[in-house]
Amino acid sequence: MDEKRTILVTGGCGFIGSNFVRYLLGKRPGWRIINLDALTYAGNPANLADFKDDERYIFVNGDICDAALLADIFMEQTIDAVVHLAAESHVDRSIHGPMTFVKTNVEGTCRLLEAALKSWRQRGEPEDFRFLHVSTDEVFGSLGPRGFFTEATPYDPSSPYSASKAAADHFVRAWNRTYGLPVVITNCSNNYGPYQFPEKLIPLMILNAAEGKELPVYGDGNNVRDWLYVDDHCKALLLVLETGRPGRTYAVGGGSQQANIDVVRHICRMVDERLGRPEGKSSQRLIKFVADRPGHDLRYAIDSTRIRNELGWRPEHDFVSALSKTVDWYLEHSDWVDSVRSGSYRQWIATNYGKRVGKNSN
Ligand code: NAD
Ligand code: TYD
């Protein structure tokens, strides 16, 4: 399917968004991308600086809550599909300030749905239009030690972040059932890879370990996440966009369950190797168990049978080698790291970690 298409990507300056724009321009060279991003603390146009003179790529600095701007974009451009990634995405930030999550994740998604529906109707309801909403497995709440999430798992979100994403998912589904808008939804597990903002577990731990700073592990470190390499996720998104069935949800998991403490130990070992740190000076000594996150979900794990069987998707990256590539990327991109760690980043680190009393791992 490589005829000319114009795709509106929201949140394309963030972690997954910038990886996805890069992936799409590589895989579908005939397509045009309009990237709408408000450039919050998590958005960085430098992530896509190499495309700034590429006529297939247009960047619009704006907010998905701005109905007038959305109307202009849909009027001026024939949008064939929307890939909606813009969101407030960090659970800990949602605990400290939930209302921005309601605004962007719920209201913003509804504004986008309204604008997309209007344009879709004005264009005679083309069958091949798609609204792909990128959501999270966190909407399903927490698993115990066994079992998997599937598309049929009831919603049971724990944090303001996951509650706002759950609300957004419901609205997206409602726009399909009520108005017929051809939507598809993906609920994926934790992503990792290049360009992830260093407030999330993996980049935070890589950089702290490299810089000899404490490695703050919440609770006992036994919470489990199902890690998905961002390229595998991008591949799933393009597949769902092109071949997913309208109205359908696809759960996307990396098939790599890891306890947080094991992820941190892998990172310590990899950083030690890169920096030539001897055993006595291993980064492991920096691990500190700190006060747990309130409402911390114990375990996420996805059964990806539907997307595997219906669309033929498989994750291609195994956790340890993709983590190793990710460690290299962060160690080799200190300019990028410096550019995203502004004064407001330092303020956030003080807010989130300042009051967590901890104990060392040994
Ligand atoms: P991110 O925080 O790195 O990036 C979010 C982007 O959205 C930023 O560029 C930001 O500037 C932009 N943005 C925020 N508010 C906006 C607004 N009001 N208008 C326009 N742009 C706005 O997030 P990410 O990790 O890349 O996640 C992308 C999407 O994937 C999110 O919807 C998130 O819920 C979902 N998701 C992420 C993960 C993960 O592990 N990172 C896992 C599951 C689902
Ligand atoms: P995170 O990257 O914030 O993703 P999410 O909360 O969406 O799963 O966190 C991943 C896991 O790592 C989660 O169980 C919380 C834990 N964590 C820590 O132990 N310490 C930290 O400093 C951070 C940011 C996360």
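These questions and answers concern two ligand sites and one helix in a predicted model.

Q: What makes the pair formed by Glu138 and ligand 2 a polar contact?
A: A polar side-chain atom of Glu138 lies 2.4 Å from an oxygen atom of ligand 2. The cut-off for a pair of N or O atoms is 3.5 Å, so the pair counts as a polar contact.

Q: Which other side chains have a polar atom paired with an oxygen atom of ligand 2?
A: His296 has a side-chain N or O atom 2.7 Å from an oxygen atom of the ligand, and for a polar side-chain atom of Tyr353 the distance is 2.6 Å. Of the 510 Å² of accessible area that ligand 2 has on its own, the protein covers 97%.

Q: What is known of the residues around ligand 2?
A: There are 20 of them, and Glu138, Pro216, Arg293, His296 and Tyr353 come nearest. By class, the shell holds nine nonpolar, five polar and six charged residues. At least two residues each come from α3 (91-96), α6 (201-210) and β8 (215-218).

Q: Why are the buried residues of α12 said to lie on the same side of the helix?
A: In α12 (residues 343-353) the buried residues are Tyr345, Trp348, Asn352 and Tyr353. They cover an arc of only 100° around the axis, and therefore share one side of α12. An α-helix has 3.6 residues a turn, so residues three or four places apart point the same way.

Q: Which residues are exposed on the face of α12 turned away from its buried side, and what does "exposed" require?
A: That face carries Arg346 and Gln347. Being called exposed, they have over 50% relative accessible area, whereas buried residues have under 20%.

Q: What covers the buried residues of α12?
A: The cover includes α3, α6, β8 and α11 (334-340).

Q: How do you know that Thr40, Ile64 and Ser89 make polar contacts with ligand 1?
A: A backbone N or O atom of Thr40 is 3.0 Å from an oxygen atom of ligand 1, and a backbone N or O atom of Ile64 is 3.0 Å from a nitrogen atom of the ligand. For Ser89, a side-chain N or O atom lies 2.6 Å from an oxygen atom of ligand 1. The protein covers 97% of the 840 Å² of accessible area that ligand 1 has on its own. Pairs of N or O atoms within 3.5 Å qualify, so these three count.

Q: Which element gives the most to the shell around ligand 1?
A: β5 does, with three residues. The shell divides into 13 nonpolar, twelve polar and three charged residues.

How values were computed:
Residues are numbered from 1 along each chain as its sequence is written. Chains are lettered from A and ligands numbered from 1 in the order in which they are written. This is a predicted model: local features need pLDDT of at least 70, side-chain atom pairs count only at pLDDT 80 or more; totals for chains, interfaces and linings use all residues. Side-chain values use heavy atoms; hydrogens and water are left out. A residue is near a molecule or strand if one of its heavy atoms lies within 4 Å of it. A polar contact is a pair of N or O atoms within 3.5 Å; within protein, one must be able to donate a hydrogen and the other to accept it, and residues adjacent in sequence count only if both atoms are side-chain atoms. Accessible areas come from the Shrake-Rupley method with a 1.4 Å probe; for residues, only the protein chains shown count as cover. Helices (H or I, at least four residues) and strands (E, at least two) are DSSP runs, numbered from the N terminus. Ala, Val, Leu, Ile, Met, Phe, Trp, Tyr, Cys and Pro count as nonpolar, Asp, Glu, Lys and Arg as charged, and the others, Gly among them, as polar. Buried means under 20% relative accessible area, exposed over 50%, partly exposed in between (1.4 Å probe, protein chains only). The arc is that of the directions from the helix axis to the C-beta atoms. Contact means heavy atoms within 4.5 Å.
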